[in-house]
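Trainee: I am new to this structure and would be grateful for a guided reading. May I put some questions to you?

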Amino acid sequence: MHNIIDAVLSRIGSVVGGTFADIGAYHDYLYIRYGPDITMAIYLCALILLLIIIFKIFKLAFNLLRFVIIPALLAGYVATTFFSVNLLSVLPVVGAAFSFLFLLKA
């Protein structure tokens, strides 16, 4: 298991570059200080927290698309179709209105 972690950390260090090049030293510190089981638990907790953050960002982006962007584009299209206004002049107003409605919903 230790070999797999070393391979993954060396790969991350080579991709990221000079800033995190000594990431193996941090892994060795954790491994020596806490042992292999706690080190794996720390990595698992960090991975879970990272996944939670990624899913929250994805959910926010999907909700913005669903409640702000698509309705604003539809309302802008309807306004430009039935009234003689420019889409680029209507879109900021409609986008702000749907953003305010999304804020009230949240």
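**Two helices and their contact**

Mentor: Asp 28 is a suitable place to begin: with a relative accessible area of 37%, Asp 28 is partly exposed. Please bear in mind that the model is a predicted one.

Trainee: In which helix is Asp 28 found?

Mentor: Helix 2 covers residues 23-34. The residue in question therefore belongs to that run, and Asp 28 is found in helix 2.

Trainee: How many Å apart in space are Asp 28 and Thr 39, C-alpha to C-alpha?

Mentor: In sequence, Asp 28 and Thr 39 are 11 residues apart. Thr 39 is one of the buried residues of helix 3. From C-alpha to C-alpha, the separation of Asp 28 and Thr 39 in space is 9.6 Å.

Trainee: Is helix 2 parallel, perpendicular or oblique to helix 3?

Mentor: Two packed helices are described by the angle and the distance between their axes. Here the axes of helix 2 and helix 3 (residues 36-82) come within 7 Å and cross at roughly 130°. Because of that crossing, helix 2 counts as oblique to helix 3.

Trainee: How many of the residues in the contact of helix 2 with helix 3 are charged?

Mentor: Helix 2 contributes His 27, Leu 30, Tyr 31 and Tyr 34, while helix 3 contributes Pro 36, Ile 38, Thr 39, Ile 42 and Tyr 43. Of these residues, seven are nonpolar and two polar. The number of charged residues is therefore none, as the division into classes has no charged.

Trainee: Which residue, just after helix 2, takes a positive phi?

Mentor: Helix 2 has 12 residues and reaches 17 Å from its first C-alpha to its last, close to the 16 Å expected. Just after helix 2, a positive phi of about 95° is taken by Gly 35.

Trainee: On which residue is the kink in helix 3 centred?

Mentor: Helix 3 has 47 residues and reaches 67 Å between its first and last C-alpha, close to the 69 Å expected at 1.5 Å a residue. There is nevertheless a kink of about 40° in helix 3, and its centre is Leu 65.

Trainee: Is Asn 63 buried or exposed?

Mentor: Asn 63 has its place in helix 3. Leaving aside neighbours within four places in sequence, Asn 63 is in contact with Val 68 and Phe 102. Its relative accessible area is 15%, and the cut-off is under 20%, so Asn 63 is buried.

Trainee: Which helices do the buried residues of helix 3 pack against?

Mentor: The buried residues of helix 3 include Val 68, Pro 71 and Gly 76. The buried residues of helix 3 pack against helix 2 and helix 4 (87-105).

How values were computed: Residues are numbered from 1 along each chain as its sequence is written. This is a predicted model: local features need pLDDT of at least 70, side-chain atom pairs count only at pLDDT 80 or more; totals for chains, interfaces and linings use all residues. Side-chain values use heavy atoms; hydrogens and water are left out. Axes are lines fitted to C-alpha atoms, for helices over the stretch in contact, and angles run from 0 to 180 degrees between N-to-C directions. Helices (H or I, at least four residues) and strands (E, at least two) are DSSP runs, numbered from the N terminus. Angles under 35 degrees count as roughly parallel, over 145 as roughly antiparallel, 65 to 115 as roughly perpendicular and the rest as oblique. Contact means heavy atoms within 4.5 Å. The expected span of a helix is 1.5 Å times one less than its number of residues. The bend at a residue is the angle between axes fitted to the seven residues ending there and the seven starting there. Buried means under 20% relative accessible area, exposed over 50%, partly exposed in between (1.4 Å probe, protein chains only).
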